[in-house]
Structures are given as structure tokens and as C-alpha cells.
Amino acid sequence: MNADAPIVIVGTGLSGYSLAKEIRKQDKDTPIVMVTADDGYSYSKPMLSTGFTKGKEADELAQASSDTMVEQLNLQLRTHTTVTGIDPDAHELVLGDERLPYGKLVLAWGADVIRLSIAGDGHERVFSINDLMDYRAFRKALKGKKRVAIMGAGLIGCEFANDLRNGDVDVDVIAPSDALMPGLLPPAAADAVRDGLEGLGVRFHLETVVEHIANNGDGVRLTLSNGEELDSDLVISAVGLRPRTELAAAASLETRRGIVVNRALETSMPDVYALGDCAEVDGHVLLYVLPLMACSRALAKTLVSERTEVKYGTMPVMVKTPCCPTAVCPPPANASGTWEVDADGQDVRALFRSESGEVLGFAVTGAYAMEKQALSKEVPPIHG
Ligand code: FAD
């Protein structure tokens, strides 16, 4: 191992750049090399599902070019460069035929979209949107078109449905669940969001799935498992994300749902760390911004001064459906208790209480969404 080898960060999403910024707050000179498969533009991914609402084209969502980031953060950046392997014993990253030595390696390489295998010849009009380049391609294809079918009624599917309606696009949402955002929202809150979206003109096709996507000239014809047929110009597939674990597992790093790290963001291999969408931090896979920001602050300290553990507080998730503002703080997966619901039309306050009366989680919509901060103080932090 080369003692002068740099800190190498793989990925220039919010995790990679937040970490580099946090390191530079404390240390101006330690050599940092960033490697990314994409163009290295700095952007805020949550903005991708607000483009129409905020009146922004894809390029306007980019906050800084790779050159600007290199200058601001005093680092080396290799764009359009895909890591193909890790050699932890040699302390080297494998980039195809090339090897890049690291002193410390940080994996911030995100999550892959889940792609369904669906019959038919219309797949070139199916888009998954998980980065700015995906979004650019989608907005380009949407020029002059008016109809989008969204597969998936999770948080991302619902946010895109709201945003596209704000852009006057016709929207159909198809999902196997009987409610929106199952697993995230309790039924009363999910119904409130559904009412809001239907009020905007979104059409839901629930408890069914897309079985066939046929190219029908200018657009696609979708055949659903309930026998329905839908014509659309484009399709967004928003059926979920899976942390990128393959290369880590191939290098014998421990992986479960994500790359396994402890609260100091250390993987099972010396000098290799992970954070963001690819990481399973002390048993938690949280594909959101607040956790990765907390991780980047802790990891920067570990890398430049002293070993520091991340401590997750209470982290509510804001669902960007302005037709029905919603905030949710799901109870822990294994918590026992019941939902206590106070509902008036689209205004829902649902509190998940333990048997002893403690609030372990909440979902608030409509007028009650304003209570998210006060409620967050009642819910115990993820790391007590
Ligand atoms: P990514 O942004 O995916 O970055 C991964 C990086 O790794 C990329 O630069 C990629 O090119 C690179 N990479 C991958 N593989 C390789 C390889 N082999 N070699 C080299 N480079 C590689 N969260 C919230 O908290 N609030 C929200 O409102 C919200 N809205 C969202 C809306 C949308 C549409 C989406 C998709 C997500 C949203 N999220 C939201 C989630 C949040 O944006 C993500 O959790 C976060 O951006 C993940 O950042 P990341 O840096 O870990 O991963």
C-alpha cells in the first residue's frame, strides 16, 4: 500500500459531493480523487421530481459543472469512468485495464433502479429516472408529447405524477398495491394523497400490473393484467431501487440489503467506507438525503481527524405532492402499536402509538402537514 495514496471517493451524487465538501471544511489539502460513471454535474436529486412545478428544464436543475466542482473543492475528478472492481488487499480500484491506488476508499455509488422484465416491443419509450442524465433523456423524449404512464405508486411515482400534472401532462399510474406508497404511509394518509392527485386529474389503476408494452407507432399501448388497455406516449418505471452491492460483494466486502457498514461507516475491509444509497448503516438502508448528510459529516471527521460515529436523529420524509402536502416518519419495522387517525377530508393526522402510549411514528397530510416539526420532537431518534 502506498502511504501517499489519496482518499478516493466513487460517485458524485449527493453523498460523494457532500463528503468532499465536509472534508474540505476541515482540511484544504489532503489529496482527494473522485471517480464517477456520469458527467460529474452537481445537482440535487430530489429536484428531479419537481421540474415542471418549479418550471425548470433538465439543464436548469444542474447546479455546477464538474470543472466548477474541481475548482471549488480542490480535487481531481474523473468523469465517465466506471469502476469495475476493488482490490482491497492491494488498496487499488480497478477501472477496466487500469488500477488506481487509494489510501482510503469511499463507496458512494448509489442504488440501481429495478427493471421489470415485461413482454412487448415498446421498451425504448420506457424511462427510469434516477439521475440527471436519465431526466435529461426523459424531458427530451417528452417534447411535444402529452401522455405519460407511470408504473409504481411509491413515493417517486406519486411525486412524478403530481409534477407532470403541474406540467399539464396526462398521467396514468399503474401499481399492484391497493393504496399509494404502501409501507410508507398508513391507509388514511395514502387515501388523502390519492384524493389530491385524482383532484389534479391523475388516473390510478391499482391492484393490477403492466403485462405487455407494445410500440404502436408514435407511442405505446399497455396491456394490464386486469385486461385493461392504455395508450400513452411514454412510460416512467418507478418500481423501486436496489443498493449497488455487486462489486463490493465480488471484493468480499460484507453485503446484505446494502454494503454493510457500522456507525463509523466502515465496511468489513480496512480503509474502505460506504455511505448514501449503497450503504446499510448499522442495519438501516435509508434512501434519503438527511441520513447521507449526517453520514458525510461523521465520515469526513473520521477521514481527516478522529474516528466518529454517525448518530441518526428523527428524520421525517417530505413527500413532494403539493396537491396534498405530506410528511411521514414511519415507525420502526418491528414496532408494535396501532395507528390513531384524525381525518377531515385531505387533512389527516395519523400517529403510531406503542401500547404504553409513546408516539413511535406519524404521517400528516394537508393542513396537518405543518405539525411535522412538532411531531418529530415526540418520536424517538433512530439511534437512541
Ligand atoms: P447517487 O446520486 O445515485 O450517486 C451515485 C453516483 O455513483 C453517481 O455519480 C454514479 O455515476 C456513480 N456510480 C455508480 N456506479 C459507479 C461505478 N461502478 N463506477 C463509478 N461511478 C459509479 N430523498 C429525500 O430525502 N427527499 C426527497 O425529496 C427525495 N426526492 C427524490 C426524488 C427522486 C426522483 C429520486 C430518484 C430520489 C429522491 N430522493 C429524495 C432520494 C435521494 O435523492 C437519494 O437518496 C440521494 O440523492 C442518493 O445519493 P447518492 O450520492 O447516494 O447516490
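**Entry 1: a charged pair**

I looked up Glu57 and Lys143 and found that their side chains meet in a salt bridge, with 3.4 Å from N to O. I note that this is a predicted model, so every distance here is computed from it.

I then asked how many salt bridges the rule finds across the interface of domain 1 and domain 2. The count there is 4. For polar contacts across that interface I noted 12 residue pairs, both partners at pLDDT 80 or more.

I checked which element supplies the largest share of the side of domain 1 that touches domain 2. Helix H2, residues 58-61, does, with 3 residues. Sorted by class, that side of domain 1 has 9 nonpolar residues, 6 charged ones and 4 polar ones.

**Entry 2: how the protein is divided**

I went back to the domain bounds. Domain 1 is made of two stretches, 7-110 and 241-304. Domain 2 runs over 115-237, and domain 3 over 325-378.

I looked up where domain 1 and domain 2 lie relative to each other: their C-alpha centres are 30 Å apart. In contact are 19 residues of domain 1 and 17 residues of domain 2.

Next came the area buried between domain 1 and domain 2, which is about 1,700 Å². Carbon and sulfur atoms give 57% of that area. Which three residues supply more than any other three of the area that domain 1 buries against domain 2? I found Leu48, Ser49 and Phe52, which together supply 39%.

**Entry 3: a second charged pair**

I counted salt bridges in the whole structure and wrote down 26. One that I looked up joins the side chains of Arg136 and Asp39, at 3.3 Å from N to O.

I wanted to know where the two partners sit. Arg136 is in helix H4, residues 132-142. Asp39 is in the loop between strand S2 (32-35) and strand S3 (42-43). The pair links distant parts of the chain, with their positions 97 residues apart.

**Entry 4: the record**

I read the UniProt annotation, which comes from an unreviewed entry. The entry gives "domain: FAD/NAD(P)-binding" for residues 7-279.

I looked up the make-up of the chain over residues 7-279: 25% is helix and 29% is strand. The C-alpha atoms at the two ends of 7-279 are 18 Å apart.

Methods:
Residues are numbered from 1 along each chain as its sequence is written. This is a predicted model: local features need pLDDT of at least 70, side-chain atom pairs count only at pLDDT 80 or more; totals for chains, interfaces and linings use all residues. Side-chain values use heavy atoms; hydrogens and water are left out. UniProt positions are given in the numbering used here, feature names are shortened, and annotations may be inferred rather than shown by experiment. Helices (H or I, at least four residues) and strands (E, at least two) are DSSP runs, numbered from the N terminus. Domain bounds come from an automatic or database domain assignment. Contact means heavy atoms within 4.5 Å. Buried area is the accessible area (1.4 Å probe) that two parts lose on being put together, summed over both. A polar contact is a pair of N or O atoms within 3.5 Å; within protein, one must be able to donate a hydrogen and the other to accept it, and residues adjacent in sequence count only if both atoms are side-chain atoms. Ala, Val, Leu, Ile, Met, Phe, Trp, Tyr, Cys and Pro count as nonpolar, Asp, Glu, Lys and Arg as charged, and the others, Gly among them, as polar.
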